[in-house]
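Q: I am new to this structure and would like a close look at one part of it. Could you take me through the surroundings of a single buried aromatic residue, step by step?

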Amino acid sequence: MLRVFHHYFSAKKLTFFLAESSAIALACVMGAAACAALFSPAGTRPSLWTMWPTLLGLGAAFVVAFQFTLYLLDLYDLRVAAEDRARGYRFLKAAGVVAMVSGGVMLVMPLLFPVALPPGALLGGAMGALAGTLVVRVSIRALVGEPDAVLVIGDGLKARAVATAIEAGGEGSYRVVAMVNPRTTEEPLDRLAARLDAAYVVQAADDMRGANWVDSLLSCRLQGRRVYDATGFCERVLRRIPVQFLRASDFAFADELTVSSLRRAFKRAFDLAVAALLLGVSGPFLLLVAAAIKLDSRGPVFYRQERTGLGGATYYLWKFRSMRTDAEKDGAVWARANDDRVTRVGRFIRRTRIDEIPQVFNVLMGEMSFVGPRPERPVFVAQLKDQIPFYGLREAVKPGLTGWAQIRYPYGASVEDARNKLEFDLYYVKNGSLFLDVGIIFHTVRHVLLGRGAR
C-alpha cells in the first residue's frame, strides 16, 4: 500500500493503471503513424517529426477514453479484471463504447478540423489503443502477480471478521491462506508465515492474555512481511476502521485528527469553488427540474429537513422534493428500495442524485462540506448512538454531499448498514484530505452516471 496525504491506496492497482496508460499511448502513436504513412497519397506523406505533436495528443485522448470506460465498468477492480480476462465480456463492452465514440469523432472531425489529422491516423490510433489495452489485460497476472497471501493469527470472532472484510473489500488483491490459533499450533509463526509465503501477518486473536509469540511477529517483520493488528490492517489495506476493533485511544493518539487552520481554510476554499462551479454548470437544468417537479405532483419544489452537522449542531438541509407531501405522516422512517412514497419525477432525480444538488446552498452557508459523512436526521442519530459505539465521531467533520462511505458501500437503510458505513466514515474522519476529497468526487461521477447507491 502507498500513502499520499494520509490516504492509503493500492500499489498494485497503480502499477496496473500506469502500465496500461503507457501501453495504450505507445500502441496508439505507433498505429496512427503506420496508418498515416500507409493511407496518405504518394508524395504527401507527412514526416514523423511534423506529426509528433498530433500523435501525442491523439494518444492522450485514447488513454483517457479507454481508461475512463474501463473504470466505469469496474475493470480496475483487480478481481473483476482477472475474471473478465477469460470471458472478455466487459472488455468488449468497453471497446465497443470507445469504437462508437471514435466513429463519431471520425465523422465530425473533418468538419471541425479539416487538416488536423493525416488520413488513417485516427483509425490506426484506435486499433493501436485497442491492441495495447488487450496486451495489458491478457498479462494482468504478470503485471500485478497473484493476490497477496494473508496469515491471520486467531480463529475467533475477530479473525473471522477480518477474513470476511478481506473477501468483501479486498478487490481480489488479498487472500486469506490460514487462520491460526497461536496457542494450539506447534509450528512457530515466523516459520509458518515463511512456508505459506504470507505477505501480510495480521494479529486478530480475541484474547491475547499470556501471549508469548510477539518475538515471532518481530521475526516476520524482519523477514520483510507486513505485520499489523486487526485495526491497522483494515485501515491501511481495506481503508475502513472496524468498530468492533476500535478503542478510544486509537483516535485519542492519532496525529491525523489535529487539523491546522490552514488546512481548514484550503478545504473551505475548495468547497466554495466546487459549489460555485456546480451551480454555474447546472443552473439552467435545475430550472427544468423544478418545473417538472411542480407539474408532476402537488407541493413545493424544495423541502428542508433537520439534520445533524458538525459537533452535533443541527441545521436544515435543502433538497428537491422527491416524495409525496404526506410521505411521513406517520413519522420518520428509513428510505427503502422501490419506495412507494416517491413520485415519478422523484424516482428519476433520486436515482441520478439530482435531488441532492440544492445542498450546495448548505455548502455555501458553511453548514456542510462538499465531501464528508452523509448527514443524518437527529431522530436517527440518537438511535444509532445508543446502538453503535463511536457513532458520534462522525460529527468531528462537516457532513457532505458525497463521501467515502457513499462510494464504498451501498445505500444504507438499517442499523447494520449504518454500522458498516460508519467504518468508512471513520476512515475519512481520520485520513481525510483535499487529495482524498478530489478522488471521492471523481468516484462519485461514476456512481451518478451508473445510478449506484441511490434509492
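A: Here is a walk around Tyr200, from its ring partners out to the core and a neighbouring helix.

Before we start, please note that this is a predicted model, where local features need pLDDT of at least 70, side-chain atom pairs count only at pLDDT 80 or more, and totals for chains, interfaces and linings use all residues. Residues are numbered from 1 along each chain as its sequence is written, and side-chain values use heavy atoms, with hydrogens and water left out.

Let's begin with burial. Tyr200 counts as buried because its relative accessibility is 4%; buried means under 20% relative accessible area, exposed over 50%, and partly exposed in between, with a 1.4 Å probe and protein chains only. Tyr228 is buried as well, at 15%.

These two tyrosines form an aromatic pair of the stacked kind, with 6.3 Å from centre to centre and 25° between the planes. Rings of Phe, Tyr and Trp (its six-membered ring) pair if their centres lie within 6.5 Å; planes under 30 degrees apart count as stacked, over 60 as edge-to-face and the rest as tilted. Tyr200 belongs to strand β5 and Tyr228 to strand β6 (residues 226-229), so the pair ties together parts that are 28 residues apart in sequence. Helices (H or I, at least four residues) and strands (E, at least two) are DSSP runs, numbered from the N terminus. The two rings also belong to one aromatic cluster with Tyr174 and Phe233. In total, the structure holds 13 aromatic pairs.

What else does Tyr200 touch? Leaving aside neighbours within four places in sequence, its contacts (heavy atoms within 4.5 Å) include Met1, Asp148, Val150, Leu151, Arg226 and Val237.

Now step back to the core. A nonpolar core is a set of buried Ala, Val, Leu, Ile, Met, Phe, Trp, Tyr and Cys residues joined through side-chain atoms within 4.5 Å. The largest one has 41 residues, and Tyr200 is among those that touch the most other members, together with Val150, Val162, Phe233, Val237 and Trp404. Elements giving two or more residues to this core include β3, β5, α10 (230-238) and α17 (415-431). The most comes from α17, with seven residues. A second, separate core of 20 residues includes Phe270, Val274, Leu286 and Leu401.

Strand β5 (200-203) also meets helix α8: the buried residues of α8 pack against β5, along with β3 (148-153), β4 (174-180) and α9 (214-222). In α8 (residues 189-196), those buried residues are Leu189, Asp190, Leu192 and Ala193. They lie on the same side of α8 because they cover an arc of only 160° around the axis, the arc being that of the directions from the helix axis to the C-beta atoms. On the other side of α8, Arg191 and Arg195 are exposed. After α8 comes Asp197, with a positive phi near 55°.

Finally, look at Arg239, in the loop between α10 and α11 (248-252). Its phi is near 60°, a positive value in a residue other than glycine. Arg239 counts as buried because its relative accessibility is 10%. Beyond residues up to four places away in sequence, Arg239 touches several others, among them Trp404, Phe424 and Tyr427. Trp404 takes us back to the largest nonpolar core, where it is listed with Tyr200.

Conventions:
Contact = heavy atoms within 4.5 Å.
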